[in-house]
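The report that follows describes one protein from its fold down to individual residues. Please keep the sequence and the model in view while reading.

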Amino acid sequence: MESAFFDISIILITGTLCATVAKWLRQPMIPAYIIAGVLLGPAFFNIITGGDLLEALSKFGIAFLLFLVGIELDLRKFMKIGRIGILLGMAQMTFAVGAGFLLIRFLGFSTIEALFLAIALGFSSTILVLKLLSERRELDTLHGQIIIGLMLTQDFIAILLLIFFDVFLGADSTTLLFQSLGVTFLKGVGLFTLALVASKYLLEPVFRYFARTAELLFLG
């Protein structure tokens, strides 16, 4: 318990110092946090060794970051320019995957290996982009909304590809493949519908009540 408390304290102190230096240099804070992790890791001082603790903290950090960014997003504004973001996202993915595939094939990889690597390289980090936009207070700007639309399009394509690869690799026959795809599709539609209904009729009034108190909102 004392070791976990010490690790968390050192992480917070080091992250704060690195972020302060980055702010002083007028640089984004994401690289500062990465530098703090490198300094505390085995590559330099090797102070933090608890892998389970770091994994749990990273998951909490991503969840809180997406939650805070989601609060600041205006879905109505996004829907107005969503078509542009979707078109740009698909165009960017097509170009990145195509160029990456040709380059990786040129380096001597097989067709399957080049395809998988090109698809992986074609995606951007939505979390990093949203964090940078949030720091610059550009989430509500036109270009910020277009970039968010592009990122969400990439995420949607990534989800579809991951689902397809998982089902495809786990199916032993064509019949099982189509059955698995059908079941997965129905689950996805059900989950999306549930999330949409809950956000509209359940979560909105609940968080409106939580917003009366800052502490209650944080806990909620």
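A residue is called buried when its relative accessible area is under 20%, exposed when that area is over 50%, and partly exposed in between, as found with a 1.4 Å probe and protein chains only. By this criterion, 22% of the 220 residues of the protein are buried. The model is predicted, so local features need pLDDT of at least 70 and side-chain atom pairs pLDDT 80 or more, whereas totals for chains, interfaces and linings use all residues. Residues are numbered from 1 along each chain as its sequence is written, and side-chain values rest on heavy atoms, without hydrogens and water.

The protein has ten helices and zero strands, where helices are DSSP runs (H or I) of at least four residues and strands (E) runs of at least two, numbered from the N terminus.

The largest nonpolar core, a set of buried Ala, Val, Leu, Ile, Met, Phe, Trp, Tyr and Cys residues joined through side-chain atoms within 4.5 Å, has six residues: Met93, Val97, Ile104, Ala114, Ala118 and Ile119. Helix H5 (82-106) and helix H6 (111-121) each give two or more residues to this core.

Asp7, found in helix H1 (residues 2-24), is buried yet has no salt bridge, that is, no side-chain nitrogen of Lys or Arg within 4 Å of its carboxyl oxygens. The nearest side chain of opposite charge, Lys59, is 17 Å away.

The table gives contacts (heavy atoms within 4.5 Å), leaving aside neighbours up to four places away in sequence.

| Residue | Contacts |
|---|---|
| Ala114 | Phe101, Ile104, Arg105 and Phe109 |
| Asp7 | Ile47, Ile48 and Leu53 |

Technical notes:
Lys, Arg positive; Asp, Glu negative; His and termini not counted.
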